[in-house]
Amino acid sequence: MNIQGNGEIKRPQAHGSIVILVGVVLVSAFADILLIVAGLQNLAPLPILLALHIGIAPFIWLATRNCDPTLSAMAVIANLAMGPVGALGTLLLSASLAGSKSSASSLADWHSKLAKPSQVDLSQRLSQAINEGRMLEPGVTNPASFQDVSQYGSVAQRQTMLGLVSQRFDPSFSATLRQELRSEEAAVRVSAAAVFSRLRDKNRLQMGAGKPLPDVLTPKDAQERGIALARGVKSGLLDPADLVAARNQSLDLLQRARPRATEADELEEVICTLLFEAGHLQALQERLAAIDTGQSAVLRSLHARLLMKAGRMAEAAEVIRHRQGNSVRLNLSRRTDGDHALLSFGHGDGQ
C-alpha cells in the first residue's frame, strides 16, 4: 500500500490482466502434469523432477508480478504445495474474486476511514469531558455555553444539556433552566420541568425545610442551619416568597451564631451578602465598619457598593483598586451626609 501526498492510503492497482494470471497458472499446471507423467514412467531421476517443479515457482511470480499481488503469491504457494491441484484452486479463487463487488477504490476508502480520526459530535465531547472531569482538547472550536445551546441547539442537544444540569447543578445554571421551562418545544419543557422538580425537592431537603427549630439552639447548630438555608437562597430554585422567607430565617440563625462581626471569613461573607440582598444596609454598614475588608474580595465588593450608593465614588474606587480596608472603610465615626441619606432612603433594617 502507498501513502499519497494528501495522507490517504491507496491500495496498489494491478496493471496486468486476469487473463495473464490464468494463462500462467494453466501453463504451470500443464508443466507439473508432464513432470508427474515423467516420474511415473521413470524418464528422469526424482531429484531432477523435484528441482524442475520448484523452478516453476519463480516463473509464476515473474510472469504475474504486474497482476494482483495477493493472487500471484497464492498461485506460487499453491503450485509449490499441491502442483496441478493447487493451480486449479488458484483458478477457482480468481474466478470468485473477479465476480466480487469489492474494488480497489472501496478498499482505499475503507483504509482512508481507518486512517482519519473519527468525528465526534460536540455535545457528546462536552458531555464526556464533564463526566470525566477534564477539559476538552485545545482546538479551533470551543464548546458552546449552556445559554448558546438553549438558544440555538436542537431538541436533542437541549435535552442533553438538561441532563448535565440535573447531574452537575450549579446556581449559575438556574437562569438557563428557567428559560427552558418556557421553551416553545414541548419535549424540552417536559424535560426541564422534570429536572427543575428534582432539583427543587433536593434543594429543600438540603435546606432542612420543614424541620422545626429546637428550643435550645447552640451557635454551632444555628450556623449549620443558617448556612444550609443560605445555600438554598443562592440556588436560584426558590420562588420569590420562599426566597424572602428563607433569606430572613438564614439571617436570623447566622446572626445568632455571630451577633457581631469579628473577622473577615466565609461566614461573615455569607452574612453580609444576605444583609445586602435583603436591603438591611445599616446593619451591613455596622458589620463592615468593625472589620478590615481588605483581605476579602466579597466583603470588599460589598463595601465598595455601599460607598457608591452613598455617593463616595472615589473611595469606592480606592477600595476596589488597592484593597484598602480600614483606611477608607465605612465606620460610625466617619459617617458623611451621603451615608445618612443612604440609610434614610428606605433601606433600613425594617425591610
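Arg-258, Glu-263, Asp-265, Glu-268 and Arg-287 are joined up in a network of salt bridges. Keep in mind that we're looking at a predicted model here. Two of the links in this network run through Arg-258. In one, the side chain of Arg-258 meets that of Glu-263, with 3.7 Å from N to O. In the other, Arg-258 pairs with Asp-265, and the closest N and O atoms are 2.8 Å apart.

So how do these partners sit with respect to the surface? Arg-258 counts as buried, since its relative accessibility is 11% and the cut-off for buried is under 20%. Glu-263 is partly exposed at 43% relative accessibility, and Asp-265 is also partly exposed, with a relative accessible area of 22%. In both of these bridges, then, a buried arginine is matched with a partly exposed acid.

Searching the whole structure turns up eight salt bridges. Another one of them brings together the side chains of Arg-247 and Glu-277, at 3.9 Å from N to O. Arg-247 belongs to helix H12 (residues 240–257) and Glu-277 to helix H13 (residues 266–278), so this pair ties together parts that are 30 residues apart in sequence. Arg-247 is buried, with a relative accessible area of 13%, whereas Glu-277 is partly exposed at 43%.

Here are the three bridges side by side:

| Salt bridge | N to O distance |
|---|---|
| Arg-247 and Glu-277 | 3.9 Å |
| Glu-263 and Arg-258 | 3.7 Å |
| Asp-265 and Arg-258 | 2.8 Å |

Arg-287, a member of the network, takes us to helix H14. Which residues of H14 are buried? They are Leu-281, Ala-283, Leu-284, Gln-285, Arg-287, Leu-288 and Ala-289. That makes seven of the nine residues of the helix (residues 281–289), so H14 is largely enclosed by the rest of the structure. Note that the buried list isn't just leucine and alanine: Gln-285 and Arg-287 are on it too.

Helix H13, where Glu-277 lies, also shows up in the second largest pocket. About 380 Å³ of space lies in that pocket. Its lining is made of 13 residues, and those nearest the centre are Ala-230, Arg-231, Lys-234, Glu-269 and Val-270. Where does the lining come from? H13 gives the largest share, seven residues, and H11 (219–234) and H13 each supply at least two.

Elsewhere, there's a nonpolar patch on the surface. Leu-50, Ile-54 and Leu-80 make it up, with about 270 Å² of accessible area together. Leu-80 has its place in helix H3 (residues 69–82). This leucine is partly exposed, with a relative accessible area of 39%.

Two more residues are worth finding on screen. Ser-191 is in helix H10 (residues 186–207) and is partly exposed, with a relative accessible area of 21%. Which residues does Ser-191 touch, once its neighbours within four places in sequence are set aside? The contacts are Gln-159 and Leu-162. Leu-162 is 29 residues away from Ser-191 along the chain, yet their C-alpha atoms are separated by 7.2 Å.

The other residue is Val-27, which is found in helix H1 (residues 18–40). At 48% relative accessibility, Val-27 counts as partly exposed; the exposed class takes in values over 50%. Val-27 and Pro-84 are 57 residues apart in sequence, while C-alpha to C-alpha they are 9.9 Å apart in space.

Now step back to the whole chain. How many helices and strands does the chain have? There are 17 helices and two strands. Of its 351 residues, 34% count as buried. The accessible surface comes to about 21,100 Å², and carbon and sulfur atoms account for 58% of it. As for contacts between residues at least 6 apart in sequence, 59% join residues at least 24 apart. The bridge between Arg-247 in H12 and Glu-277 in H13 links parts 30 residues apart, and the pair Ser-191 and Leu-162 spans 29 residues.

Conventions. Residues numbered from 1 in each chain as written. Predicted model: local features only at pLDDT ≥ 70, side-chain atom pairs only at ≥ 80, totals over all residues. Heavy atoms only, no water. Patch = residues over 30% accessible without salt bridge, like charges linked within 9 Å, V, L, I, M, F, W, Y side chains within 5 Å. Areas by Shrake-Rupley, 256 points an atom, 1.4 Å probe, with all protein chains shown as cover. Salt bridge = Lys/Arg side-chain N within 4 Å of Asp/Glu carboxyl O. Helix = DSSP H or I, 4+ residues; strand = E, 2+ residues; numbered from the N terminus. Buried < 20%, exposed > 50% of the residue type's maximum accessible area, 1.4 Å probe, protein only. Contact = heavy atoms within 4.5 Å. 1 Å grid on protein atoms, 1.4 Å probe; cavity = no way out; pocket = protein on both sides within 12 Å on 5 of 7 lines; lining within 4 Å. Points joined across faces, edges and corners; volume = space filled by probe spheres on them.
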